[in-house]
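Have the viewer open and a selection box ready. We will go from one stop to the next, and at each one you will hear what to select and what is there.

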Amino acid sequence: MHVVRTEATIETEDVSLAPVDYDELARRVEDGDTSMVLVSVLPRASFEAGRIPGSVNLPLDEIAERAGEVLPARDQETVVYCASPACSLAEQGVALLRGLGYTRVREYSGGIEEWTERGGRIEHAMIFTPKAAPPPAGRLDRLRRVLARLSPRALFIWATNQPLRVLFGIWLGTSVLFALLYWGMSGLATEAGPIGKDLAGLNTAFWFSLAKAMTWDFGGVSAVGWMRLAVLAETVTGLVLFGSLVSKLLEDQQEEVLDKVYRLTHENRLGRLRTNLHLILSELAEVAGECSNPSVSPRRLRTRIETVAMVFAGEVQAVGDLVRGGPGSGDKAALETLLGCVASGLEELSHLLTCLPSGQARSGSLRRSLRRISQLGADLCATCAVEPPSPVLRGWMDRVQRLCRALCDEPRPGDPAPRFELPGSDGRVHRLADYLGRRPVVLIWFPQVFTGG
């Protein structure tokens, strides 16, 4: 038995099960309609980032376990949505809820993307964690806090947060103030005696203060009496400020070096991705040429397709990391080029899958690679990007997502049907193995409730 494709004609459709459009949903949300419940099947992080007003969160992988808790009334009208029209999570959520017995489940296929583009309001879920009130501080605690603010470490942290010009001005101004203090109070002396209060004495006091601010000695000049405490205070203050100046200069140089390293790394990464994708496209084109060559053995053809699919999956993941906010995500032109290469590769890979020998099952390696590419494409959505993408970039992302979904490892026309056993409408359990080699088997099911089959 092989899978064949048929088109079902839907004869009737219950209005309560029809998809919801933006106009109807916006009107009912603004009117505060409580007869329906809005369900977002996105992961919790995406739900907290933005949601349609009044929505509840029921991630797709939690529907089977938590549907009864979140949606206790199975006959209440339920509208399911996800990120965008290209997102398949809402469709899967509708099918799961209907399978659990919910009778009035509808889908809003536009998702957050259409809702935002057409001016719908967005709510943000905020999670607050209550904190216990701290005990009242005693006198000893208050004294410790004051000393901590006045410590050299606190001064150093404050100084390193100041701009370079401001920090240099503070350091120079501190030296001038202490110089005036030494000169005015006659606190300095040489071997010949105290320095005078003339211009020569002021000049000596200034250079002495500047030297102490850098923890140096200045000739035979020294402080006398209690002025030694002022010299000690200036030495500590100058050491902190001067150390902050040096740290600031080194930090600026370090940022410049890191910026250059980042740019070189980013350019190398983009260059590697472009080169790898072009090599993959060349390999796909060469394999496509071998498909029409009868002298090429099917085994060699299958091996080359498996290898290129495995390598291609790794490059699709690297491109997806860039789109989701990794290093280099701000280079829109480069991302458009990479996504264009990925789209071309996906189209060529889809064509190559039809070159596999008819009736021969795909290998486990090829199935895993295709499943991985399909999952990476499902995770690639314009609303999940860190920065809003441009219209051109959004178009490429949607195209890549559709192509990845088309590669999903599901039974296709011409593939051997999987062994199954299902209850029929006659009350009997039918097994495919009972009919193999005896007569053709046609499996018919209803695609939707209240529709013909």
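Before the first selection, a definition: two strands pair if DSSP finds at least two bridges between them. Helices (H or I, at least four residues) and strands (E, at least two) are DSSP runs, numbered from the N terminus. This is a predicted model, in which local features need pLDDT of at least 70 and side-chain atom pairs count only at pLDDT 80 or more, while totals for chains, interfaces and linings use all residues. Residues are numbered from 1 along each chain as its sequence is written, and side-chain values use heavy atoms, with hydrogens and water left out.

**Stop 1: the whole chain.** Show everything: there are 14 helices and nine strands. Of the 453 residues, 36% are buried (under 20% relative accessible area; exposed is over 50%, partly exposed in between; 1.4 Å probe, protein chains only).

**Stop 2: colour by confidence.** pLDDT is the predictor's confidence in each residue, from 0 to 100. Its mean over the chain is 77, and 81% of the residues reach 70 or more. Select strand E3 (residues 77-81) for the highest confidence, at 93, then helix H7 (residues 152-160) for the lowest, at a mean of 69. Now try residues 1-13, where pLDDT stays under 50. Where pLDDT is low, the predicted coordinates should not be read in detail.

**Stop 3: a small sheet.** Select residues 188-190, strand E5. In what order do the three strands of this open sheet run? The order is E6-E5-E7, with antiparallel pairing. The edges are E6 (193-194) and E7 (222-223), each of which pairs on one side only. E5 and E7 are joined by two bridges, and Leu 188 stands opposite Ala 223 in E7.

**Stop 4: helix H9.** Select residues 199-213 and pick out Ala 211. Is Ala 211 buried or exposed? Its relative accessible area is 7%, so Ala 211 is buried. Beyond its neighbours within four places in sequence, Ala 211 is in contact (heavy atoms within 4.5 Å) with Trp 216, Asp 217 and Phe 218. Add Gly 238, 27 residues away along the chain: the two C-alpha atoms are separated by 9.4 Å.

**Stop 5: helix H8.** Finish on residues 164-184, the helix that holds Leu 180. Leu 180 counts as partly exposed because its relative accessibility is 44%. Together with Phe 168, Leu 172, Val 176 and Leu 177, Leu 180 forms a nonpolar surface patch (nonpolar side chains joined within 5 Å, from residues with over 30% relative accessible area and no salt bridge, that is, no Lys or Arg side-chain nitrogen within 4 Å of a carboxyl oxygen of Asp or Glu). The patch has about 440 Å² of accessible area, by the Shrake-Rupley method with a 1.4 Å probe.

Terms used:
Patch = residues over 30% accessible without salt bridge, like charges linked within 9 Å, V, L, I, M, F, W, Y side chains within 5 Å.
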